[in-house]
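Hi,

Here's the structure I said I'd pass on. Have a look at it first, and then read my notes underneath.

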Amino acid sequence: MNENPPSKNLAIEGGEPAREKTFPPMFPGGNLIDREEEQSVLDALRHKRLFRYYGPEPGPSKVEELEAAFAAHFGANRALALTSGTASLVCGLQGIGIGPGDEVILPAYTWIASASAVAAVGAIPVVAEVDESLTLDPQDVERRISPYTKAIMPVHMRGMPCQMDALMDLARRYQLKVIEDVAQADGASYHGRRLGTFGDVGCFSLQFNKIITSGEGGMLITNDEEVWKRAVMFHDVIGGMRNQLPAEEILWGINFRMPELLAAVMIIQLRRLEGLLEAMRQRKRMLIEGIASVAREKGVRLQHVHDPDGDASIALIFFMESSEQARKTAATLDAENIPASVIYKPGSIDYHIYAHWTPIVQQRTWTAGGGPWCWAHRKVNYTPEECPRSLDLLGRAVHIDVNPLLSNSDIEETVEGMNKVFGAMG
Ligand SMILES: *Cc1c(COP(=O)(O)O)cnc(C)c1O
């Protein structure tokens with residue numbers, strides 16, 4: 001009866017889907033919240049210890065414990081706990097001395113928060129192209145360095161390490177600061193060294209979508225005592241006094257202090273990080289091995305990885321030859337219950353792509369004559385022509401979550417489904 005070519009088996013054309021149901025939601029750390037997090041929060045509550053510096057009874061602070069554990073885990077001298085990843089970027093920028101008129105080079109592909117943080121300190125975000133790893137392209141960064149450039153912000157998007165040797169080399173040659181945005185790459189590394197420890201400062205987010213999470217929250221790490229002091233002073237209106245910094249050096253700050261209840265959750269989540277990374281790395285390897293030959297045959301190109309061992313492995317990304325083909329492939333995979341999406345679709349607003357950062361692109365200010373662009377030394381642009389290669393790559397990029405909860409049979413079905421979809425391509 002079945003006279004059909006293989007493409008007839010595609011679910012999108014009425015065939016049997018490769019998988020019965022879609023993937024579980026992608027909340028790697030969030031999905032693991034369990035008794036231990038509960039116990040830790042209860043412990044803080046029972047001591048009525050909700051504020052890092054004191055409570056009704058004497059006793060240890062969870063935030064302080066988290067800072068020590070986080071610094072040790074990532075191999076940094078200092079860690080500072082904050083209310084969000086964005087707060088950590090703002091404190092990091094204050095820490096390295098970025099201010100009005102300074103330019104900070106960041107990638108065309110990152111969450112808008114990276115750019116907002118730069119604007120928040122009065123500095124100008126300058127977008128640069130990403131390479132085939134979808135992270136900051138060092139060659140393009142070099143082209144965009146101006147006399148006003150003060151810092152580079154590599155963003156390790158979707159768990160992918162940036163090419164840190166080339167970026168650090170640029171920073172040294174041009175005397176620029178480096179602030180790493182590690183919000184999406186907790187625990188990932190580049191040639192054996194943890195991300196966040198290459199730059200002058202590394203900034204993490206603990207928001208619910210991230211690898212490990214306390215719902216909201218952020219962390220900053222640094223080996224530079226001066227950066228730490230400045231960040232401490234900015235994150236707490238009396239941070240300088242509390243940390244007994246020399247009175248005449250104390251600067252004003254605002255409050256971004258982490259609450260004890262967040263730290264209570266995060267202490268436990270941090271212990272789950274290596275297990276999560278191992279689970280995601282193993283699953284990504286199995287997926288890649290399973291699809292490699294059909295993908296090669298069909299001209300599907302996997303995302304370039306600057307250090308495969310360092311990749312946090314939260315996502316499997318591949319490029320199709322055209323954006324149209326990418327959209328078709330994503331829809332075809334979706335129908336197989338393999339949730340896939342194209343990263344950049346010009347018509348649908350997504351604040352991960354600079355071209356969609358409307359408030360930034362249109363250089364809107366909070367007040368007439370307000371910053372940061374009114375304070376710029378020169379005109380900067382955010383037109384689509386600014387980073388055409390990034391938009392081309394992102395428009396052809398198909399993204400699949402590598403969910404740590406996928407079982408071996410989930411992986412097998414996913415591999416079969418992907419091979420079916422690739423195989424049906426002309
Ligand atoms: C999530 C995220 C941030 C901001 O973190 P929040 O905790 O949401 O403020 C910054 N940069 C990147 C790349 C992110 O993914």
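Below is what I found, starting with the ligand and moving on to a sheet and a histidine. Keep in mind that this is a predicted model.

Ligand first, since that's probably your main interest. There are 16 residues around the ligand, and Gly85, Thr86, Asp181, Ser205 and Lys210 come nearest. Three of these have polar atoms facing ligand atoms at short range:

- lysine 210: a polar side-chain atom sits 2.6 Å from a ligand oxygen
- aspartate 181: a polar side-chain atom is 2.7 Å from a ligand nitrogen
- glycine 85: here a polar backbone atom is 2.7 Å from a ligand oxygen

On its own the ligand would expose 380 Å², and the protein buries 92% of that.

Next, the sheet. It's an open one with 4 strands, ordered E10-E11-E13-E12, with antiparallel pairing. E10 (301-302) and E12 (340-342) are the edge strands with a single partner each, so one side of each has no neighbour in the sheet. E12 is joined to E13 (residues 397-401) by 3 bridges, and serine 341 stands opposite histidine 399 in E13. Helix H10 (residues 323-335) lies across E11 (315-319), E12 and E13, at about 165 degrees to E12.

Last one: is histidine 356 buried or exposed? This residue is in the loop between E12 and helix H11 (358-361), yet histidine 356 is buried, because its relative accessible area is 5%, under the 20% cut-off. Its side chain reaches the backbone oxygen of serine 348 at 3.4 Å, and among the residues histidine 356 touches are Tyr344, Pro346 and Tyr351.

Cheers

How values were computed
Residues numbered from 1 in each chain as written. Predicted model: local features only at pLDDT ≥ 70, side-chain atom pairs only at ≥ 80, totals over all residues. Heavy atoms only, no water. Pairing = 2+ DSSP bridges. Helix = DSSP H or I, 4+ residues; strand = E, 2+ residues; numbered from the N terminus. Contact = heavy atoms within 4.5 Å. Axes fitted to C-alpha atoms, helices over the stretch in contact; angles between N-to-C directions. Buried < 20%, exposed > 50% of the residue type's maximum accessible area, 1.4 Å probe, protein only. Polar contact = N/O pair within 3.5 Å; in protein donor to acceptor, adjacent residues only side chain to side chain. Near = heavy atom within 4 Å. Areas by Shrake-Rupley, 256 points an atom, 1.4 Å probe, with all protein chains shown as cover. Lists of a residue's contacts leave out its neighbours within four places in sequence.
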